[in-house]
Amino acid sequence: MIDDLDENETATLWSKEPNECDIDENETAIRSLPECTDITFKEPPETASLWTTSAFDSLAAGSSNTSVYPEHADRTDSGMIEDAHATIFAVQPSTWVHQDENTTALYTAPDGELRGLVDYRVRVPANENTSHRTIEWSLLEHEVSEIRLKQDGDVLVEQDGEQTPVIDYNLAGAGESNLTLEADIEARLEENITRETVGSSYSEYHTDTVTVSSEIDLRVYNLTASVYHAEYPDGGAGVAIYQSQPWHGYTLTEEGDAAVRGVWRYYTARDTDWDTLVRSTGSGEDAVESEVRPVYVRAFPSEMGPRADPIRDGPSIEEVWGSESSSPNPTFHENVEVDVIDEPYTRSYGLAIQYDDLEREHLEVQGIVHDTNADLVEPENGSSREIRESELSVEILEQNDSTATVRINLRDAETGDPIPLEYPFTADPRTAPIGHATTRGYLTVNEQPLWTNSSGVAVATLREPGSYTIEYHPAPWRTHDPAYLGDRTSLGWHPLATASGWLSLLVQVFWISIPFLVALYAGLKLGSFLEVNEEAYP
């Protein structure tokens with residue numbers, strides 16, 4: 001156990017070890033738990049970096065006639081230098097991200113350290129002794145003369161050579177990149193030749209140089225976020241955050257009591273390429289189990305999408321934009337058991353959130369690499385957007401016995417300006433999408449959609465009597481500036497509401513009543529014939 005980690009932290013490191021659940025009753029609970037399962041973290045932990053830094057101090061190169069290397073090292077032989085290599089040990093802080101069934105990528109913070117092992121052995125020729133001459137070989141000097149770190153082929157850092165270099169770097173750009181560790185190795189030998197027959201002696205000097213390297217593909221995690229704010233007429237607040245790289249979570253207040261959590265959870269695991277070290281000499285190779293192994297943080301999706309915290313009275317997620325990804329389950333080491341999601345999930349790159357108690361000055365976007373927060377960038381066209389009240393009105397233009405034509409007006413409640421919805425309305429200066437394609441608002445008349453023209457007017461024909469609800473469904477404020485709240489009004493229409501309607505009704509009632517009137521008249525006449533005169537028949 002290293003000094004920087006306590007017992008609890010050390011116990012969480014080895015997720016790629018078999019979970020045999022062989023528990024020693026004398027072990028503590030935290031030491032026993034990893035024997036049965038793998039421990040995960042809510043946030044990217046620091047333990048991996050601390051362990052790797054300390055463990056690397058115990059990594060030692062071989063002597064001049066011994067080369068030490070991991071089995072995956074890319075070795076080079078030269079004239080007198082053999083088994084030469086420069087192998088990257090670790091690049092940190094960083095996080096391996098299990099994105100989908102085909103992709104596992106290393107996200108690396110721009111400022112960090114690369115550690116490596118450079119080693120080799122010098123082959124000194126055997127001495128020769130004949131009756132005519134004697135040749136004696138001796139190694140004068142050998143060294144790693146220079147270390148270079150390259151990013152995408154360009155030299156980023158140059159420093160004096162050493163066999164266990166630690167290179168501080170500041171990576172340029174963002175996204176996919178390649179780092180190369182490169183080392184120059186030199187050896188100088190003396191060949192002393194003595195000619196016995198003439199009693200003379202002289203020396204020849206031989207120099208051998210070789211350049212060795214290894215590389216790693218990564219993604220520079222230079223996290224930035226574009227932030228847009230909106231204020232509702234009632235004082236409520238909204239925020240839209242857009243970032244192109246994976247993110248851990250948002251904090252919306254200084255106390256951190258309102259937040260949005262992303263889909264990622266974390267565990268730590270060793271780099272199995274360093275499980276075995278080989279010691280190579282002129283007489284052969286000897287492979288041993290390594291006690292020095294780098295450990296990395298690894299991120300995996302444990303939720304289908306982002307979630308707000310707290311659930312009650314907390315932030316409300318209004319919109320999520322991103323892409324659907326398959327479960328990365330097939331990419332896990334056989335001994336790793338974590339709660340990775342088995343279904344497709346949303347790998348989001350932007351969210352819109354409504355939270356009335358949002359504290360703009362304390363907004364944070366946390367990264368998936370330990371101790372990284374996004375730089376918040378104000379968009380060129382400003383970060384604040386206005387949300388206004390809308391006003392919807394309707395009037396009957398004309399009507400007859402079968403239809404009514406109505407005029408619907410949609411206007412800004414404060415200024416009276418028309419709100420056009422006609423599509424495409426290319427002259428609409430409000431169109432300003434954030435992170436995705438523009439959507440448009442619309443009206444409905446009893447759920448039938450229609451759109452206002454450039455004057456904020458729509459005309460509809462009503463063909464059935466009854467009550468009608470007219471509603472404005474605005475586009476979200478993420479696509480328009482200024483944006484509007486919705487509004488609703490209603491209208492009742494019936495043909496009887498017109499004079500011609502009443503006349504038509506009276507005519508219809510008259511014609512319908514004629515058979516009943518005839519029957520009534522006939523009944524009355526028949527009754528008069530059958531009436532008995534009591535005076536005639538006392």
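**Group meeting talk: charged pairs and unusual backbone spots**

Let me begin with a single contact, in which the side chain of Thr 253 meets the side chain of Asp 257 at 2.5 Å as a polar contact, a term that stands for a pair of N or O atoms within 3.5 Å, where within protein one must be able to donate a hydrogen and the other to accept it, and where residues adjacent in sequence count only if both atoms are side-chain atoms. Before I go on, please keep in mind that this is a predicted model, in which local features need pLDDT of at least 70 and side-chain atom pairs count only at pLDDT 80 or more, while totals for chains, interfaces and linings use all residues. Residues are numbered from 1 along each chain as its sequence is written, and side-chain values use heavy atoms, with hydrogens and water left out.

Staying with Thr 253, we find this residue in the loop between strand S12 (249-251) and strand S13 (259-261), where strands (E, at least two residues) and helices (H or I, at least four) are DSSP runs numbered from the N terminus. Why does Thr 253 count as buried? Thr 253 counts as buried because its relative accessibility is 4%, and buried means under 20% relative accessible area, with exposed over 50% and partly exposed in between, using a 1.4 Å probe and protein chains only. If we leave aside its neighbours within four places in sequence, Thr 253 is in contact with Ala 258, Tyr 355, Asp 357, Glu 359 and His 362, contact here meaning heavy atoms within 4.5 Å.

Now to the charged pairs. How many salt bridges does a search of the whole structure find? The search finds 19, each being a side-chain nitrogen of Lys or Arg within 4 Å of a carboxyl oxygen of Asp or Glu.

One of them is between Arg 121 and Glu 82, whose closest N and O atoms are 2.8 Å apart. This pair links distant parts of the chain, since Arg 121 sits in strand S3 (residues 103-122) and Glu 82 in strand S2 (residues 81-100), 39 residues apart, and both Arg 121 and Glu 82 are buried.

A second example joins the side chains of Arg 148 and Asp 184, at 2.7 Å from N to O. Here Arg 148 belongs to strand S5 (residues 133-151) and Asp 184 to strand S8 (residues 175-195), 36 residues apart, which again links distant parts of the chain. Arg 148 is buried because its relative accessible area is 10%, and Asp 184 counts as buried at 18%.

A third salt bridge, between Arg 293 and Asp 275, has an N to O distance of 3.7 Å, and both of these residues are buried. Sharing of partners also joins Arg 75, Glu 82, Asp 83, Arg 121, Arg 123 and Glu 285 into one network of salt bridges.

Finally, the backbone. Most residues other than glycine have a negative phi, and most peptide bonds are trans. In this model, however, a cis peptide bond joins Asp 309 and Pro 310, with omega about 0°, and the bond from Asp 481 to Pro 482 is cis as well, with omega near 0°.

Asp 313, in the loop between S18 and S19, has a positive phi near 60° and is exposed, with a relative accessible area of 76%. Glu 447 also has a positive phi, of about 75°, and is exposed at 71%.
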